[in-house]
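Work through the exercises below with the sequence and the coordinates at hand, and try each task before reading its solution.

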Amino acid sequence: MKFNTKVIHGGQKHDASTGAVMTPIYQTSTFAQPSPGKPIHPDYEYARSANPTRTALENALASIENGARGLAFSSGLAATDCLIRTFKSGDEIIAMDDLYGGTYRMFTNIYKDSGIVFHFVDMNDLDKFESLINENTKLVWLETPTNPLMKLADIAAIAEITKKHNLLFAVDNTFATPYLQKPLDLGADIVMHSATKYLGGHSDLIAGALIIKDADLGKKLHFQQFATGAILGPMDSFLVLRGIKTLHLRMQRHCENGQKVAEFLENHAKVKTVYYPGLQSHPFHDLAKKQMKAFGGMVSFTFKSGKKNDAISFLEKIKLFTLAESLGGVESLANHPIVMSHASVPGKKRLELGITDDLVRLSVGIEDIEDLLEDLEQALS
Ligand code: P1T
């Protein structure tokens with residue numbers, strides 16, 4: 001199957017008991033056993049281990065990312081945590097320096113006393129990255145494009161290095177989605193998603209996912225999830241599954257609108273820098289053309305004045321864009337990273353990365369582009 005067919009049919013079966021075309025919401029915590037240890041269906045005993053609605057979503061996730069196994073979690077951070085928990089004191093993890101603030105907070109704060117050592121590096125400096133690898137290194141963690149600066153890293157080039165050193169390689173594919181980029185095909189071992197974003201697509205749930213290329217590693221991570229418990233409930237599993245069925249159509253429009261918004265901002269007298277991989281001026285434009293099908297719906301920008309107050313006043317004046325945390329829904333959102341999505345990254349670190357006080361991040365939705373540009377113009381002027 002090709003991608004647009006997979007989002008609708010990949011890993012899906014009509015419901016075995018009724019023929020229902022759409023997977024029902026199996027709102028049950030447990031499953032009857034006629035004899036102890038012998039449930040009616042061998043896959044279903046207790047819903048922390050598996051629930052048919054979640055299984056349908058997990059099969060869809062595996063299908064669209066070309067993995068052997070999908071796992072659905074109660075949030076994106078729960079998915080990341082499930083993977084990190086499999087490492088032990090003394091293990092080392094190398095992560096991209098520009099990450100979602102919550103991921104950075106987990107690595108530097110929650111795992112502070114775990115004995116697991118985290119290194120943060122710009123993965124575009126492949127020599128520096130490789131020089132950090134030693135016999136304790138176990139995992140490489142990457143976000144591309146990054147949140148909020150839209151930096152890219154070359155997944156295939158990094159995979160060559162991780163394979164050489166026998167390391168696991170995980171990619172947070174939240175911003176790109178498998179419509180635009182398939183990390184497992186480029187050599188990664190694990191894909192992570194905040195399914196809260198484009199996969200769900202309607203800003204009506206919190207969910208996460210891991211998709212694993214190797215079935216044995218998938219089994220190990222399923223055990224970890226089962227034994228620690230951060231699963232996605234049946235109602236939210238149904239909603240993410242429903243969202244995935246229109247992922248290709250939504251992403252197409254997100255990309256069209258994202259490109260137009262980025263070009264509009266780049267030509268605006270009040271705007272200094274626009275961060276969007278679809279612009280010729282973007283430092284990773286060529287890499288984006290190589291590893292992504294198009295450039296997505298996330299656009300960040302700064303003001304010529306460099307003033308935080310200009311960002312605040314813009315964010316107070318936009319009307320159609322809603323000032324809110326999160327991204328990837330059908331509606332356009334705006335975010336002030338220093339006080340919202342990246343408040344948990346220390347100020348000094350933010351500045352080193354380029355997350356300045358006047359940086360604004362837009363999640364460009366799928367509304368009519370004329371209305372979006374009109375709103376941006378009135379707020380800027
Ligand atoms: O919010 P949650 O579903 O737990 O996902 C965390 C997460 C992981 N990775 C990326 C790239 C993300 O953007 C997020 C969540 N991000 C926001 C809430 C935000 O506003 O950027």
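**Exercise 1.** Which residues form a negative surface patch? Locate Glu374 and decide whether it is buried or exposed.

Solution. The model is a predicted one, and in it the negative surface patch is made up of Asp368, Glu370, Asp371 and Glu374. The next step is to place Glu374, which lies in helix H14, spanning residues 369-380. Since exposed means over 50% relative accessible area, Glu374 counts as exposed because its relative accessibility is 57%.

**Exercise 2.** Describe the surroundings of strand E4 (residues 137-143), beginning with its strand partners.

Solution. On the one hand, E4 is joined to strand E2 (residues 92-96) by four bridges, and the two strands run parallel; within this pairing, Glu92 has Thr137 of E4 as its bridge partner. On the other hand, five bridges connect E4 with strand E5 (residues 168-172), again in parallel, and here Leu139 stands opposite Leu168 of E5. Finally, six of the seven residues of E4 are buried, so the strand is largely enclosed by the rest of the structure.

**Exercise 3.** What is the strand order of the open sheet of five strands, and which strands stand at its edges?

Solution. The order is E8-E9-E12-E11-E10, and the pairing in this open sheet is mixed. The edges are held by strand E8 (271-275) and strand E10 (322-323), each of which has a single partner strand, so that one side of each is left without a neighbour in the sheet. For E8, three bridges lead to strand E9 (residues 298-303), and these two strands run antiparallel; Val271 is paired there with Phe303 in E9.

Technical notes:
Residues are numbered from 1 along each chain as its sequence is written. This is a predicted model: local features need pLDDT of at least 70, side-chain atom pairs count only at pLDDT 80 or more; totals for chains, interfaces and linings use all residues. Side-chain values use heavy atoms; hydrogens and water are left out. Patches are made of residues with over 30% relative accessible area and no salt bridge: like charges are joined within 9 Å, nonpolar side chains (Val, Leu, Ile, Met, Phe, Trp, Tyr) within 5 Å. Accessible areas come from the Shrake-Rupley method with a 1.4 Å probe; for residues, only the protein chains shown count as cover. A salt bridge is a side-chain nitrogen of Lys or Arg within 4 Å of a carboxyl oxygen of Asp or Glu. Lys and Arg count as positive and Asp and Glu as negative; His and the chain ends are not counted. The place of a charge is taken as NZ of Lys, CZ of Arg, CG of Asp or CD of Glu. Buried means under 20% relative accessible area, exposed over 50%, partly exposed in between (1.4 Å probe, protein chains only). Two strands pair if DSSP finds at least two bridges between them.
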